[in-house]
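Got the model open in your viewer? Here is a short tour, with a selection to make at each stop.

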Amino acid sequence: YVSCSLQDQQALFQVFQDSPMYFTGSRQVAKALKSQLRNTLSSTGGPNTMISTTFNEQVQDAIRTSALIENSGQCTALRHAVLPKVDPVQVESTFDSCVMLKDPSEALTHQEFKGLLMDQHFNLSTGYTKHKKHNVEYKLDSKLPVDIEENWRKASVDVTSVDLEEMNSSSFTSSLVKWLIEHQPISLAINGDQQPWTFARRLFEQSGLVVYTVGTEHSPALTAQARPQDGEIFGEVPPRSQVDWFTKFPTIVPSPSASYNSTYTDHFLLAQTDKAKDDTQLINATFSHLKPLLNQLDDKSLGYAHLLLSYLQEACLDSPRLGYGQRTSLYGLQRTPLNGSVNVIRFETKPSASSSTPSDPNSAILHALPFLATNARSQLVVSSDGSHPKELEDFVPVNYDSEAAFEDYVASTKPYNVINPQAMNEQPLVSHFVSKLMAVGHIKSTMPDHQDFVEAFKTSDKWLRVVKASS
């Protein structure tokens, strides 16, 4: 344990550049840490969002609770609310009944997790309005926020106020989904939608968050509401195209911290290679259609592919799975957003603006497998300078692009993720490898034993499913 100045911390980082680093806080600090320590695992927040088709006292209480939890020191604290045509008076009144506390000990005594400290320091952010009595700030607009700071440890809410008819339109859903993908909050709370939950399904299927909670106007969902021990899988994932800026892997809970920097030994991988060659049940039965690609892998990569396919087969079995808590949750691996966006593997043998390291054929095939083995196959495209494994062309569209043409393609199509398949000097646990390619998490209802909810969402095409050879 070290307590020292920022300058001394940076000096330590320079000496121990391969040390694991576990961090919870803002994306700004996470980015600075990751630039110095490649093994940084960051848990960052993002602008957690609540959207409600109704605005009543229960929804106001849900907003207040979510926005003030631990004075917004909780990573799922509300930062953004989308509400049906509210005015400044209504937003202001939402925070009129805040609980005031003398000090943290009083909060503990009264078990009050959403109180405000009386002597808390407060600086008003530019463009925001301060509540007339409390250290809470808000901004009201008819447009989704363009730039939104996390404002860690501060009660701060951006409110997007739109007409209910507009809120239910496909055009607004599309713009909100793009906003969610760009800013990647941890949590989205959806209140007021009713069976068959068409609105909630659109938001779930077309974005890639980890936590979705569906509530009613009388039992609204909070953004700060996830119990991993009950199957409400939790995670803190930066925008997919920027993951490597902030963290080595997305942080998923529950998972052991040591697993993120664990790797397979060569001896173990070569033992898996023997299984891959002999395992008639897995390769020859389930994934025989992938053998032309698997045959291109070197022995160590083939062993890793066997582990990867085994994991996908098990993880997608009976998916989504039902949680265990008082709320009704479904969890599992998911496809990337079903909004028409694609994932692009960029293969090039020379350093470029998108990658300083040449692509590796084994790595390209391994990164393609989670798509090709599942119902996510249609969401993968390969862009290449012409040096890619030609067997890929039998499975996915391959575009022959120069570096300039590829940059134009990315600018015009805005892929969900650009994958640079560099040589894998170490082989991480396959679950973490997949977490950088696919979505993962849960969706839940605030109601217990909500069978209608289960029936409505378990059939969604968003859930990742293995596609066997016969399919």
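Start by selecting strand 10 (residues 187-191) and strand 11 (residues 211-215): the two run parallel and are joined by five bridges. Strands here are DSSP E runs of at least two residues, helices are H or I runs of at least four, and both are numbered from the N terminus; two strands count as paired if DSSP finds at least two bridges between them. Pick out Asn191 and you'll find its bridge partner, Gly215, in strand 11.

Before moving on, keep in mind that this is a predicted model, where local features need pLDDT of at least 70 and side-chain atom pairs count only at pLDDT 80 or more, while totals for chains, interfaces and linings use all residues. Residues are numbered from 1 along each chain as its sequence is written, and side-chain values use heavy atoms, with hydrogens and water left out.

Now widen the selection to the whole sheet. It is open, with 10 strands in the order 7-8-9-4-3-10-11-20-15-14 and mixed pairing. Strand 7 (129-130) and strand 14 (321-322) sit at the edges with a single partner strand each, so one side of each has no neighbour in the sheet.

Next, select strand 4 (78-84). How many of its residues are buried? Seven of its seven are, where buried means under 20% relative accessible area, exposed means over 50% and partly exposed is in between (1.4 Å probe, protein chains only). Strand 4 pairs in the parallel sense with strand 3 over four bridges, and also in the parallel sense with strand 9 over five. To check the register, show Asn48 opposite Leu78, then Val82 opposite Thr160.

Time to add helices. Helix 7 (residues 170-183) lies across strands 3, 4, 9 and 10, at about 165° to strand 3. Helix 8 (residues 198-206) lies across strands 3, 10, 11, 15 and 20, at about 165° to strand 10. Contact means heavy atoms within 4.5 Å; axes are lines fitted to C-alpha atoms, for helices over the stretch in contact, with angles from 0 to 180 degrees between N-to-C directions.

For a last stop, go to Glu166 in helix 6 (residues 164-167). Glu166 is partly exposed, at 40% relative accessible area. Turn on Pro84 as well: the two are 82 residues apart in sequence, yet their C-alpha atoms are 9.1 Å apart in space.
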